[in-house]
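A learner and a teacher sit down with a structure and talk through how its features can be read. The conversation moves from the whole chain to single residues.

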Amino acid sequence: MDRRIFCAIAENDIPSFTRLVQEDEGILEQRLIGSLNTVLHLASKYGHINLVREIIKLRPEMAAAENKKLEIPLHEACRQGDIEVVMLLLKTNPWLSCKFNSENQSALFIACSNGHLKVVKLLLNQPWFVGIDEDETQLNSLHVAASNGYAGNKINLPFVADIVGHLLNLCPNLAHNKDVNGYSPLHYACSKGHVSIATMLLRFDLNLALQFDNIGYTPLHLAAMNGDLAILQEFVALAPASFQFLTTCGETVFHLAARFNHYIAFIYLATVFCDTYLFHQPDKFGNTILHIAISGGHYHV
């Protein structure tokens with residue numbers, strides 16, 4: 001790509017951009033070496049709405065142009081969370097929202113991945129977008145939203161609970177989908193320790209607590225392995241029947257809490273279930289929780 005046109009877009013220099021196009025309109029067809037991004041990809045990435053508008057006026061078909069990763073400018077706008085650019089691109093071609101990149105990620109998936117609530121709401125409110133059927137064997141938009149969780153994450157995601165709520169409301173089928181590892185959205189929420197998301201999913205459908213992943217763990221098992229007291233408390237309150245489900249090795253939540261040396265979680269579970277058979281249940285190899293604690297050197301347990 002001509003360095004002059006690249007700099008004009010990066011600096012939002014509309015006069016220079018216009019002059020370059022007037023001198024040679026073919027410059028609009030140039031792409032970045034490597035990524036194969038078009039001028040519209042770049043303008044969308046930088047959030048320069050007036051430049052986006054000008055490029056669309058000159059080349060409306062460019063809204064559907066794919067780069068090396070099969071991403072269109074809408075993917076880039078959703079990644080940045082630029083609601084104005086997203087609206088303009090969708091106005092140009094409403095069906096852009098149904099495009100997937102080379103990793104099978106939709107615009108919705110990317111918006112959820114980056115915690116952009118306004119963009120997610122906009123996409124979900126499109127009449128042609130309701131009930132989008134994402135690949136059941138892949139990580140879907142609800143998986144990634146449940147995994148990201150809360151504002152204290154590596155990236156700032158203050159609106160993730162709202163995103164999960166909108167997805168459950170408009171795309172309820174996503175809650176039951178599993179990825180290639182057999183993880184449901186509730187598995188992700190429990191494995192990452194996102195209590196508010198886990199609670200929301202449990203209240204949406206208690207049957208989600210009874211799903212096993214490919215290794216034989218339920219979401220509750222993952223919470224016990226992490227020693228996540230807050231999530232364990234939610235399961236006790238909302239889905240007590242889930243404690244009856246054992247791992248493929250016959251382990252209870254007590255075995256898991258003891259094996260991973262989560263003392264506080266173990267004590268909490270003991271106060272709730274000490275008078276039940278769960279506390280004394282051996283695994284399929286005959287190991288009680290005392291065997292597990294001693295073999296791991298967890299003597300305080």
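The dialogue below takes up the overall form, the aromatic rings, one helix and several single residues of a predicted model.

Q: How many helices and how many strands does the chain have?
A: In this predicted model, the chain has 17 helices and 0 strands. The radius of gyration of the chain is 25 Å, well over the 19 Å that the globule rule gives for 301 residues, so the chain is more spread out than a compact globule. Along the principal axes, the C-alpha trace spans about 85 × 40 × 25 Å.

Q: What share of the residues counts as buried, and what supplies the exposed surface?
A: Buried residues, those under 20% relative accessible area, make up 48% of the 301 residues of the chain. The chain exposes about 13,800 Å², and carbon and sulfur atoms supply 55% of that area.

Q: What part of the contacts comes from residues 24 or more positions apart, and how far apart are the mean positions of the positive and negative charges?
A: Among contacts with a separation of 6 or more, residues 24 or more positions apart account for 70%. As for the charges, the chain carries 21 positive and 28 negative ones, and their mean positions are 5 Å apart.

Q: What describes a pair of aromatic rings, and how many aromatic pairs does a search of the whole structure find?
A: A pair of aromatic rings is described by the distance of the centres and the angle of the planes. A search of the whole structure finds 7 aromatic pairs. One of them joins Tyr 183 and Tyr 188, with 5.1 Å from centre to centre and 75 degrees between the planes, which is an edge-to-face arrangement. Both Tyr 183 and Tyr 188 are buried.

Q: Why is the pair of Phe 212 and Phe 245 tilted, and which parts of the chain does the pair link?
A: Planes under 30 degrees apart count as stacked and planes over 60 as edge-to-face, so whatever remains is tilted. The ring centres of Phe 212 and Phe 245 are 6.1 Å apart and the planes stand at 55 degrees, so this pair is tilted. The pair links distant parts of the chain, since Phe 212 is in the loop between helix 12 (195-204) and helix 13 (219-226), while Phe 245, 33 residues apart from Phe 212, is in the loop between helix 14 (229-238) and helix 15 (253-259). Phe 212 counts as partly exposed at 27% relative accessibility, and Phe 245 counts as partly exposed at 31%.

Q: Which residues do ring pairs link into a cluster?
A: Ring pairs join Phe 243, Phe 254, Phe 266, Phe 273 and Phe 279 into a cluster.

Q: Where is Leu 246 placed, and which residues does Leu 246 touch?
A: Leu 246 is in the loop between helix 14 and helix 15 and is partly exposed, with a relative accessible area of 27%. Leaving aside residues up to four places away in sequence, Leu 246 touches Phe 212, Gly 216, His 221, Glu 251, Thr 252 and Gln 281. The C-alpha atoms of Leu 246 and Leu 278 are 9.8 Å apart in space, although the two residues are 32 residues apart in sequence.

Q: Is Ser 184 buried or exposed, and what does Ser 184 touch?
A: Ser 184 lies in the loop between helix 10 (160-170) and helix 11 (185-192), and this residue is buried, with a relative accessible area of 0%. Not counting residues up to four places away in sequence, the contacts of Ser 184 are His 143, Ala 175, Asn 177, Lys 178, Gln 211 and Pro 219.

Q: Is Lys 91 buried or exposed?
A: Lys 91, which is in helix 6 (residues 83-92), counts as exposed at 72% relative accessibility, a value over the 50% that the term requires. From Lys 91 to Tyr 183 the C-alpha distance is 36 Å, with their positions 92 residues apart in sequence.

Q: How many residues of helix 8 are buried, and which helices do they pack against?
A: Helix 8 (residues 117-124) is mostly covered, with 6 of its 8 residues buried. The buried residues are Leu 117, Val 119, Val 120, Leu 122, Leu 123 and Leu 124, and they pack against helix 5, helix 6, helix 7 (107-113) and helix 10.

Q: What sign of phi do most residues other than glycine have, and what is the phi of Leu 36?
A: Most residues other than glycine have a negative phi. Leu 36 is not a glycine, yet has a positive phi of about 65 degrees; this residue is in the loop between helix 2 (14-23) and helix 3 (39-46) and is partly exposed, with a relative accessible area of 38%. Leu 70 also has a positive phi of about 65 degrees without being a glycine, and is found in the loop between helix 4 (49-58) and helix 5 (73-80), where Leu 70 counts as partly exposed at 36% relative accessibility.

Conventions:
Residues are numbered from 1 along each chain as its sequence is written. This is a predicted model: local features need pLDDT of at least 70, side-chain atom pairs count only at pLDDT 80 or more; totals for chains, interfaces and linings use all residues. Side-chain values use heavy atoms; hydrogens and water are left out. Helices (H or I, at least four residues) and strands (E, at least two) are DSSP runs, numbered from the N terminus. The radius of gyration is taken over C-alpha atoms; the globule rule is 2.2 Å times the number of residues to the power 0.38. Buried means under 20% relative accessible area, exposed over 50%, partly exposed in between (1.4 Å probe, protein chains only). Contact means heavy atoms within 4.5 Å. Accessible areas come from the Shrake-Rupley method with a 1.4 Å probe; for residues, only the protein chains shown count as cover. Lys and Arg count as positive and Asp and Glu as negative; His and the chain ends are not counted. The place of a charge is taken as NZ of Lys, CZ of Arg, CG of Asp or CD of Glu. Rings of Phe, Tyr and Trp (its six-membered ring) pair if their centres lie within 6.5 Å; planes under 30 degrees apart count as stacked, over 60 as edge-to-face and the rest as tilted.
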